Amino acid sequence: MLQKFALAFKTKTIEFFAEEDEEEYAAAGEGGVLVGQRVVVLKPDPQNPSPVGGEGENGSASGEEAAAAAALATASSFQAAYLHLQAAHTPFLPEAAAAADALAVSHLRRLSELKRLASGAPVEGSLTAHLEDQVRENQALLRSFDAVVNRLQAALDAKDAAAASLRWEHAALADGNARLAGRLDRALAPQPGAGGGDALGAMLSASVFDSVLRDALRVAHRFTRALAELLRCAGWDLADAAAAAYPGIAYSKQGHCRYALLSRVCLSMFDGFDSYQFGGTSDAADPEGIELAIRRNESLQQFIEHSDADPMELMSSSPDCQFAQFCDRKYKQLIHPGLESSLFGNSDCGALPVMATVGPLYEMFITMASSIWTLHRLAWAYDPAVGIFQVSRGTEYSSVYMESIVRPKAFSASKEVGKTVRPKVGFTVVPGFRLGGTVIQCRVYLES
């Protein structure tokens, strides 16, 4: 545009030079020259001709650019189709997988055609093909983004479903906790006509003690099973060990010898239960010198605090506390040097970390000791304190004070001349307890 404007300006430029102001214009001569004037006519510069062969080179470069753009666009489209093919397999959608597969194959064929064209004649219609390839590339990118969005949306839906499930479980747990809290409040509420003068007595009942006792016995059973398995691995014969603990006992079944091991564990752990210094130091306070109300409140407070504590953490943080001393005493009483040397290869009895080499067994021992220690603290919160008893071998079976550890059908009463002979006690497995006028039966093994 600027070049054309300069050309028009140059063709119409005329310079006038007047000799005198008074001279008149003269007529033009035959040559067309005005008298008294000098006319300068400027011709435009010729335009630079295009270089030879420039058009062919531009066409060739444009063709190569179009082919490269088409190849890149087709590759992007193939990538998007492959993403759709992957998405159709998780979860598997046959129709979507077939469509994505066909689209990916078409893009591969397109790449093959572009390779053939690039090795042959120049591509015609380069501008149109370039724009079409750009459109296809943008569409491929959109399809890729769509596949990514669908995958993220599926992950988000899964997270939402998991969150909804957790919210439902939380609501169910909260409802269960509310029901348990209501039951506990009703259980701890004083009975009508009780007078309300002894709130602590209203909170404590035989059912509360029996519930804690059952929890302690479950832990003792687990520890005994683990110890029996460890003894078998160490080459011990449980039948010989049972015969050594209770000689002359006729077991109704071969596997009943495990009750002898359970008896040794329970009786060792409950030994000294009727003493206020259960596992404590020798200079601990004498219960006779402590006021009854103070002793009951302190025992109940210790029961509540220890129930909420982690026994393993308590052992590591307070190795000199009464509970740690109790664990040390019971370990020495339960695991004698010969047994410890056989199990752990160390005869230094009393070192609890030695038992830690077996891992879970040490943790189960501490858990068992903690449950029995908690039961002891609860027992001394009653008035009078809970008593403990066991029966000796040969005592006639009484359903009032005893409960058979095995099913009654395993035993049959024998008769002598019209007289029924009751079965005899072989050994006590779990001691019994007295709570005022209530008796919690001891569990015994009866001889065949």
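## Exercises on a predicted model

Pro319 is exposed, its relative accessible area being 51%. Keep in mind as you work that this structure is a predicted model.

**Exercise 1. Find where Pro319 sits in the chain and which residues it touches beyond its neighbours within four places in sequence.**

Step 1: Start with the location. Pro319 belongs to the loop that runs between helix H10 (311-317) and helix H11 (322-334).

Step 2: Now look for contacts, skipping the neighbours within four places in sequence. Pro319 is then in contact with Leu314 and Ala324.

Step 3: Return to the surface value. Exposed means over 50% relative accessible area, so Pro319 qualifies with 51%.

**Exercise 2. Decide whether Ser370 is buried or exposed, and list its contacts.**

Step 1: Find Ser370 in helix H14 (residues 360-379).

Step 2: Compare its accessibility with the cut-off. The relative accessible area of Ser370 is 8%, and buried means under 20%, so Ser370 is buried.

Step 3: Leave out the neighbours within four places in sequence. The residues in contact with Ser370 are then His306, Pro311 and Phe323.

**Exercise 3. Work out how Arg232 and Glu229 are placed relative to each other, and how they interact.**

Step 1: Place both residues in helix H6 (residues 206-233). Arg232 and Glu229 are three residues apart there, which means that about one helical turn separates them.

Step 2: Check the side chains. Those of Arg232 and Glu229 form a salt bridge, with 3.5 Å from N to O.

Step 3: Add the accessibility of each partner. Arg232 is partly exposed at 48%, and Glu229 is also partly exposed at 42%.

**Exercise 4. Trace two salt bridges that link distant parts of the chain.**

Step 1: Take Arg393 and Glu447, whose side chains meet in a salt bridge of 3.2 Å, N to O. Arg393 lies in the loop between strand E1 (387-389) and strand E2 (402-404), while Glu447 lies in the segment after strand E8 (442-446), 54 residues apart. Arg393 is partly exposed, with a relative accessible area of 43%.

Step 2: Turn to Lys424 and Glu396, a salt bridge in which the closest N and O atoms are 3.4 Å apart. Here Lys424 is in the loop between strand E4 (419-421) and strand E5 (425-430), and Glu396 is in the loop between E1 and E2, 28 residues apart.

Step 3: Note the accessibility of this second pair. Lys424 is partly exposed at 31%, and Glu396 is partly exposed at 42%.

Step 4: Put these pairs in context. The whole structure holds eight salt bridges.

**Exercise 5. Follow the strand pairing around E6.**

Step 1: Begin with E1, which pairs with strand E6 (residues 432-435) in the antiparallel sense over three bridges. Across this pairing, Phe389 stands opposite Gly432 in E6.

Step 2: Move on to strand E7 (residues 438-440), which runs antiparallel to E6 and is joined to E6 by three bridges. Phe433 faces Ile440 in E7.

Step 3: Look at the hairpin of E6 and E7, where two residues lie between the strands. Gly436 takes a positive phi near 65° in this hairpin.

**Exercise 6. Find out which stretches call for careful reading.**

Step 1: Begin with the chain as a whole. Its average pLDDT is 75, and 69% of the residues score at least 70.

Step 2: Pick out residues 1-56, where the pLDDT is below 50. Beyond near neighbours in sequence, this stretch has 21 contacts in the model.

Step 3: Do likewise for residues 346-354, where the pLDDT is below 50 and the stretch has 25 contacts beyond near neighbours in sequence.

Step 4: Draw the lesson. Where pLDDT is low, predicted coordinates should not be read in detail.

Conventions. Residues are numbered from 1 along each chain as its sequence is written. This is a predicted model: local features need pLDDT of at least 70, side-chain atom pairs count only at pLDDT 80 or more; totals for chains, interfaces and linings use all residues. Side-chain values use heavy atoms; hydrogens and water are left out. A salt bridge is a side-chain nitrogen of Lys or Arg within 4 Å of a carboxyl oxygen of Asp or Glu. Buried means under 20% relative accessible area, exposed over 50%, partly exposed in between (1.4 Å probe, protein chains only). pLDDT is the predictor's confidence in each residue, from 0 to 100. Contact means heavy atoms within 4.5 Å. Two strands pair if DSSP finds at least two bridges between them.
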